[in-house]
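Here is a walk through a few spots in this structure, from single residues to whole helices. Please keep the sequence and the model open as you read.

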Amino acid sequence: MRQDPLGYLSTELQALRDQGLYRRLRVLDGEQKACTSIDGRSVVNLSSNNYLGLTTHPRLRERALEAVRAFGVGSGSVRTIAGTMRIHMELERKLAEFKRTEAAVVFQSGFTANAGTVSSILGRDAVIVSDELNHASIIDGARLSRATIKVFPHRDVAAARRIVQEIPRGTRTLIITDGVFSMDGDLGAVPELCDLADECGGIMMVDDAHASGVLGSHGRGTVDHFGMHGRVDVQVGTLSKAIGALGGYVAGSRALIEFLHHRARPFLFSTSHPPSVAATCLAAIEVLEQEPELIERLWENTRFFKAGLQALGFDTGVSESPITPVIVGEGARAMALSDRLFEKGVFAQGIGFPTVPQGKARVRTIVTATHSRDELQFALDAFKAVGTDLGVI
Ligand SMILES: Cc1ncc(COP(=O)(O)O)c(C=O)c1O
């Protein structure tokens, strides 16, 4: 009988089970909302990136439906062959205006925007100076570029400067950071790294996946929040989180964007968005411009919930954003906290190694603009009860 050549995968899965780290996928029964039904249970949802509640916003829903009726359900091709529709171009114009850059290009996801950009604008002869907690898509893009990768300790600009000083003059150098770090919710050292990029003539790139729609005027991101317009050469954003739909984009100079049209592999070799996605994203940017109260509500909820967790005695790390981790130490403990919260009607995902360092496992919470005070208080009460039971507080 043929032996299963993939048998080792089952062994690895068993090891995850033995360590209490095996995760079954949680399934939403209906819409992605602040309070929803998951696996048949009604829960306060603290695990989505739906910061502004746009996944179910009436204007976005309507525009998606209109686009389906007007343009069908698919684009039918990659962008560079027959898959560029007028609405794709319109969205890119709108994004460039929103980010205050010359041009923008949309990718299928934030992941492909990062990976496709870093891997195409740099080659073997370059050096990438990267924060150790940068997103996986930056790491993969850096590896694909074949450039030399130099990692500096999280937000340690002095260490980044020491690395830069050792790079031979004239070497093409990219300095790259997340705007908001997805597991800790703290902000990248954007202004200081911009200074460093200026000093060494390097390219400055910021991944604002968790900052777009959240920070800066009308949600323009950390580049706007820190007043760094014109000093960041490559801005990445996602359309999958606060924007509520799907996709990623790069905003920058026209030359950068035209180069990506010619060399970024996800742009060249993977089909573009259905027109309904582009229409939804266009409507979302209008909402950011016209309903700033959504962002204000997001921050009010953030302050309320973070203060509540801290008052209960939880370790919430160094968060400066709506992402608030509840750090508990070992992976199995984080999973137990998450499971017990779920039983009490609160969905907050447990996250362990290797996504976060050993001993720093956590339950990650993200509030949205659309959580009510009662829902957040309900969640805090559940945290108090389960945290006490498990000896976390
Ligand atoms: C910092 C960061 N960058 C990029 C991405 C990828 O974005 P997307 O989900 O649109 O692929 C994520 C999402 O997990 C992220 O957290």
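Let us start with Val-318, which touches Asp-184 and Asp-186 when residues up to four places away in sequence are not counted; contact here means heavy atoms within 4.5 Å. This is a predicted model, in which local features need pLDDT of at least 70 and side-chain atom pairs count only at pLDDT 80 or more, while totals for chains, interfaces and linings use all residues. Residues are numbered from 1 along each chain as its sequence is written, and side-chain values use heavy atoms, with hydrogens and water left out.

Val-318 sits in the loop between α12 (293-312) and β10 (323-329). Helices (H or I, at least four residues) and strands (E, at least two) are DSSP runs, numbered from the N terminus. With a relative accessibility of 51%, Val-318 counts as exposed. The cut-offs are these: buried means under 20% relative accessible area, exposed over 50%, and partly exposed in between (1.4 Å probe, protein chains only). Val-318 and Arg-254 are 64 residues apart along the chain, and 37 Å separates their C-alpha atoms.

Ala-279 gives a buried counterpart, with a relative accessible area of 5%. Ala-279 belongs to helix α11 (residues 275-290). Its contacts, leaving aside neighbours within four places in sequence, are Arg-63, Ala-67 and Ile-87. From Ala-279 to Ala-334 the C-alpha distance is 39 Å, for a separation of 55 residues in sequence.

Next comes helix α3. This helix has 14 residues and reaches 20 Å from its first C-alpha to its last, close to the 20 Å expected at 1.5 Å a residue; the expected span is 1.5 Å times one less than the number of residues. Its buried residues are Ile-87, His-88, Leu-91, Glu-92, Lys-94, Leu-95, Ala-96, Phe-98 and Lys-99. They pack against α2 (58-71), β3 (103-107), β8 (234-238), β9 (248-252) and α11.

Glu-92, in α3 (residues 86-99), deserves a look of its own. It is a buried residue at 6% relative accessibility. Which backbone nitrogen does the side chain of Glu-92 reach? The partner is Val-106, at 2.8 Å. Such a polar contact is a pair of N or O atoms within 3.5 Å; within protein, one must be able to donate a hydrogen and the other to accept it, and residues adjacent in sequence count only if both atoms are side-chain atoms. Beyond its neighbours within four places in sequence, Glu-92 is in contact with Arg-79, Ala-104, Val-105 and Val-106.

Helix α4 is another covered element: nine of its 12 residues are buried. Among them are Gly-110, Ala-113, Asn-114 and Val-118. From first C-alpha to last, α4 reaches 17 Å, close to the 16 Å expected at 1.5 Å a residue. At the start of α4, a side-chain oxygen of Ser-109 comes to within 3.3 Å of the backbone nitrogen of Phe-111.

How does α4 pack with α9? Helix α4 (residues 110-121) and helix α9 (residues 254-263) meet at an angle of about 95°, and their axes are 10 Å apart. Axes are lines fitted to C-alpha atoms, for helices over the stretch in contact, and angles run from 0 to 180 degrees between N-to-C directions. The two helices are therefore roughly perpendicular to each other, a label for angles of 65 to 115 degrees. Thr-117, Ser-120 and Ile-121 of α4 make this contact with Leu-256, Phe-259, Leu-260 and Arg-263 of α9.

Finally, some backbone geometry. Most residues other than glycine have a negative phi, and most peptide bonds are trans. The table lists residues with a positive phi.

| Residue | Phi | Place |
|---|---|---|
| Asp-39 | about 50° | loop between β1 (35-38) and β2 (41-45) |
| His-218 | near 55° | loop between β7 (203-207) and α8 (222-225) |
| Arg-100 | near 60° | follows α3 |

Asp-39 is partly exposed, with a relative accessible area of 31%, and His-218 counts as partly exposed at 29%. A cis peptide bond, with omega about 10°, joins Phe-353 and Pro-354. Pro-354 is found in the loop between β12 (350-351) and β13 (361-366).

Methods: Parallel < 35°, antiparallel > 145°, perpendicular 65-115°, else oblique.
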